[in-house]
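Dear colleague,

I am handing over the structure below, together with some notes on what was found in it. Please read them with the model open beside you.

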Amino acid sequence: MTGSAAHPVVVLGAGPAGVVAALLLSQQGVPVLVLDRWSSVYPQPRAVHLDDEVYRLLGRLGLAGAFAAISRPALGLRALSADHRVLAEFSRSEATGVHGYPQASMFDQPDLEAALRADLQQRPEVTFRGDVEITGLSTSPGGSVRVELQDRLTGVEEHVTAEYVLGCDGANSLVRQVLGIGVRDLGFAQRWLVVDVATTAEMDAWEGVHQVCDPRRAGTYMRIGTTRYRWEFQLLAGESAADYTDLARLRTLIDPWAAHVADEELTVLRTAEYEFRAQVAEQWRSGRVFLLGDAAHLTPPFIGQGMGAGLRDAANLSWKLAGVLRGELPGDVLDTYQAERKPHATAMVRLAIGLGRAMTDGGRLGDLLRELVAPRLQLLPGVRARVLDSATPRLSAGPLVRRSLRSGPLPGRLCPNALVDGQRRLDEVAPDQFLLVSRQPFTGQQRDTVERRGAVPLQVRAGEPLERWLRRGRAGAVVVRPDGTVLAADRTVAAVLPHLPSFRVPATTRPALRVG
Ligand SMILES: O=C(O)/C=C/c1cccc(O)c1
């Protein structure tokens, strides 16, 4: 490995963001080297929720079936008063939503990581190496990136060179520190107790996320598997996780849900203290090095969007990087990674902070406000989109999200992964490719142009889901990017065609799609 030709991409950190980035790049034919401190998956439970936009991404990797096997659809989110009355409910569809999957899914992170790693091992384009400590990063003469590392088993020091490096090395990212990139604190820090419990007993509770809005001690409850439950409670001043290691003490917190379950039936898998923080890196790119996942953003978990944000980073960057490496896209499209992802991630972190504050702030006056405001939450635009419609914000305008007077609201939004011929969904019709979706027929010449550029022309007929979506979005035709985002919208094929780049994913690397 040492001294050999530069790797096209080296991923530092094999957590979910790093592994998904490697899988997506490999799917586009890009060889990737993944380095991690450990050789196996970190076994402790952490993230527990993904939405359907991110489930769809797993589907594009051919992993929908694997995720379905380890996850459990959830009914949504309820805000409860201190005495557990329902103040507001945001329902999620357990059935197939617009992206083809349940809108909210619960799981145990090590299970998902094991599935991702297993897939990584199957990909000839990916080399994984564990037990490696990254010790430094610098720019080589000629522009590539030199990564200094030490084998943790032998102590031998080595280096590799890379055309691009993805820093997916977590909240305390060494990559971010070496690059001298600061983080912006969004002003939220609370200490919470996280409790994971296994039991075959039923809690007999509503099967969604319960957010108990209690300024004396806010709490969260959710079922994450057939025999797995998660509670989170705000820690009071002077308290620590050590105060809750014995079950009797823990019962004072979990008994509103678990009073009917005998001690012998409850196995406490762990109690841990977390500081829930809200931070966004000032810069997400420095030259040929990018930050993804927790290295770029940290969120309180109140809307369950922490891990998903890292997977969205991977989806946003991977096809652009592959296009640049193949010489099909200009290098400056890589600037759109930060321009698109940073505002999106920041908006989601702010939404989580908002919910956290609504759960905990204001004492008795807060209680009164919660009673008044919670049932009307859907009237707030950001809350409406995310919490009610289960959609995330649209991406900011730029070279790969074109807004104009005629474009309407669709550019920057995800195109639904709708059924297109009664059987196949959009992502199966055009895996990792650009699409031109139109309500009107294509001329022969337009069809040729689209296909010569490696894209898929798709005419949708009156009454089909995508035809209705186009109509609602005041568009006759749209260009859809390989990550599912609408690049451009206008009235006609002729008007959107100039926005379609040439982008040819090697056909052999496209996955045989398995739908869950
Ligand atoms: O909005 C949803 O459907 C789920 C929210 C969620 C998931 C996991 C943990 C949370 O505190 C909230």
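According to an unreviewed UniProt entry, residues 8-351 are annotated as an FAD-binding domain; please keep in mind that what you have is a predicted model. Over residues 8-351 the chain is 28% helix and 33% strand, with the C-alpha atoms at the two ends lying 36 Å apart.

The rest of these notes concern the ligand. It is surrounded by 13 residues, of which the closest are His49, Arg92, Gln211, Pro301 and Phe302. Sorted by character, the residues of this shell comprise seven nonpolar, four polar and two charged ones.

Three of the contacts can be described atom by atom. Arg92 places a polar side-chain atom 2.7 Å from an oxygen atom of the ligand, and for Gln211 a polar side-chain atom lies 3.0 Å from a ligand oxygen. In the case of Pro301 a polar backbone atom takes part, at 3.0 Å from an oxygen atom of the ligand. Of the 330 Å² of accessible area that the ligand has on its own, the protein covers 97%.

Where in the chain does the shell around the ligand come from? Domain 1 (7-48 + 108-182 + 282-354) and domain 2 (184-277) each contribute at least three residues to the shell. In terms of secondary structure, the strands β13 (209-212) and β14 (219-225) each supply at least two of the shell residues.

With best regards

How values were computed. Residues numbered from 1 in each chain as written. Predicted model: local features only at pLDDT ≥ 70, side-chain atom pairs only at ≥ 80, totals over all residues. Heavy atoms only, no water. UniProt positions renumbered as here; feature names shortened; annotations may be inferred. Helix = DSSP H or I, 4+ residues; strand = E, 2+ residues; numbered from the N terminus. Near = heavy atom within 4 Å. Polar contact = N/O pair within 3.5 Å; in protein donor to acceptor, adjacent residues only side chain to side chain. Areas by Shrake-Rupley, 256 points an atom, 1.4 Å probe, with all protein chains shown as cover. Nonpolar A, V, L, I, M, F, W, Y, C, P; charged D, E, K, R; others polar. Domains from an automatic or database assignment.
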